[in-house]
Amino acid sequence: MRIALEQASLGAQTPGGAEVGAVLVKGGNVVCGTFNQGNMQNDPTAHAEIVAIRKGCEELQSMTLEECTLYCTLQPCGMCTMACLWAGVSRIVYGAGRGDVNAVYFETRHANTVDFIRDAFRNDLQVEGGVLNDECAALYQAKAEKPDGPLDPAHKPTKRPSF
Ligand SMILES: [Zn+2]
């Protein structure tokens, strides 16, 4: 998680990068580390976890990431959780969770990572959260307090759907 935090800091300092980091580990070895690159790549799917999955699969020359642990500084969103399921990641370890950064990251309309995994009937994907919780949350919240704040539309407040 320390490496993921370093990646998140790097993302915060990189134009177009963002302060969310992810590291993929297999057999005790770091496969790759990365950060959110959405604005860098003009790609709203380029969350740190997705970039790590893409790089990791390329590095390992594999479609699956079995026996891999994905460390991420924030609890993965629904998209990234589903990507972990599709990639066959064995374990997710995250830092700050929904409740820690709720005002700036997760809204009530975001599904919970744990719900996705439960609903996918996967009982072989382990999830642990709260690792270096405060440091991971503080890094993200520091950005949110800047005047320009989070940029992508997923962070804008919305009304509860009426359907
Ligand atoms: Zn995500």
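User: What share of the contacts in the chain with a separation of 6 or more comes from residues 24 or more positions apart?

Analyst: The model is predicted. Contacts with a separation of 6 or more are the base here. Residues 24 or more positions apart account for 60%.

User: In what order do the elements of the chain run?

Analyst: The chain holds six helices and five strands. From the N terminus on, they run α-β-β-α-α-β-α-β-α-β-α.

User: What percentage of the residues count as buried?

Analyst: A residue is buried if 20 or more other C-beta atoms lie within 10 Å of its own. The chain has 163 residues. The buried share is 39%.

User: How far does α3 reach from its first C-alpha to its last?

Analyst: Helix α3 covers residues 48-60. It has 13 residues, and the span expected at 1.5 Å a residue is 18 Å. The model comes close to that, with a reach of 18 Å.

User: Which elements do the buried residues of α3 pack against?

Analyst: The buried residues of α3 are A48, E49, I50, V51, A52, I53 and G56. Three strands and a helix receive them: β1 (18-26), β2 (29-36), β3 (68-74) and α4.

User: Are α3 and α4 roughly parallel or roughly antiparallel to each other?

Analyst: The axes of α3 and α4 (residues 78-87) are 9 Å apart, and the angle is about 20°. Angles under 35 degrees count as roughly parallel. The two helices are therefore roughly parallel.

User: Does α3 pass α4 in a left-handed or a right-handed crossing, and which residues make the contact?

Analyst: The crossing is left-handed. On the α3 side, the contact is made by E49, I50, I53 and C57. On the α4 side stand C80, A83, C84 and A87.

User: How many nonpolar residues are in that contact of α3 with α4?

Analyst: One residue of the contact is charged. No polar residues take part. The nonpolar count is seven.

User: Is K55 buried, partly exposed or exposed?

Analyst: K55 lies in helix α3. Burial needs 20 or more other C-beta atoms within 10 Å, and exposure 12 or fewer. K55 has 16, so it is partly exposed.

User: Which residues is K55 in contact with, leaving aside its neighbours within four places in sequence?

Analyst: One partner is far off in sequence: T34 is 21 residues from K55. In space, K55 and T34 are 8.7 Å apart, C-alpha to C-alpha. Beyond its sequence neighbours, K55 is in contact with C32 and T34.

User: What phi does the residue that follows α3 have?

Analyst: Helix α3 is followed by Q61. Its phi is positive, near 50°.

User: Is E67 buried or exposed?

Analyst: E67 sits in the loop between α3 and β3. Its phi is near 70°, a positive value in a residue other than glycine. E67 has 12 C-beta neighbours inside 10 Å, so it counts as exposed.

User: Where is L132, and is it buried or partly exposed?

Analyst: L132 is in the loop between β5 (126-128) and α6 (133-144). Phi of L132 is near 50°, a positive value in a residue other than glycine. With 19 other C-beta atoms within 10 Å, L132 is partly exposed.

User: How far apart in space are F116 and M82, C-alpha to C-alpha?

Analyst: F116 is in helix α5 (residues 113-119). It counts as buried, with 21 C-beta neighbours inside 10 Å. F116 and M82 are 34 residues apart in sequence. In space, the separation is 7.2 Å.

Definitions and conventions: Residues are numbered from 1 along each chain as its sequence is written. This is a predicted model: local features need pLDDT of at least 70, side-chain atom pairs count only at pLDDT 80 or more; totals for chains, interfaces and linings use all residues. Axes are lines fitted to C-alpha atoms, for helices over the stretch in contact, and angles run from 0 to 180 degrees between N-to-C directions. Helices (H or I, at least four residues) and strands (E, at least two) are DSSP runs, numbered from the N terminus. Angles under 35 degrees count as roughly parallel, over 145 as roughly antiparallel, 65 to 115 as roughly perpendicular and the rest as oblique. A crossing is left-handed if the near helix is turned anticlockwise from the far one by less than a right angle, and right-handed if clockwise. Two residues are in contact if their C-beta atoms, placed from the backbone, lie within 7 Å. Ala, Val, Leu, Ile, Met, Phe, Trp, Tyr, Cys and Pro count as nonpolar, Asp, Glu, Lys and Arg as charged, and the others, Gly among them, as polar. The expected span of a helix is 1.5 Å times one less than its number of residues.
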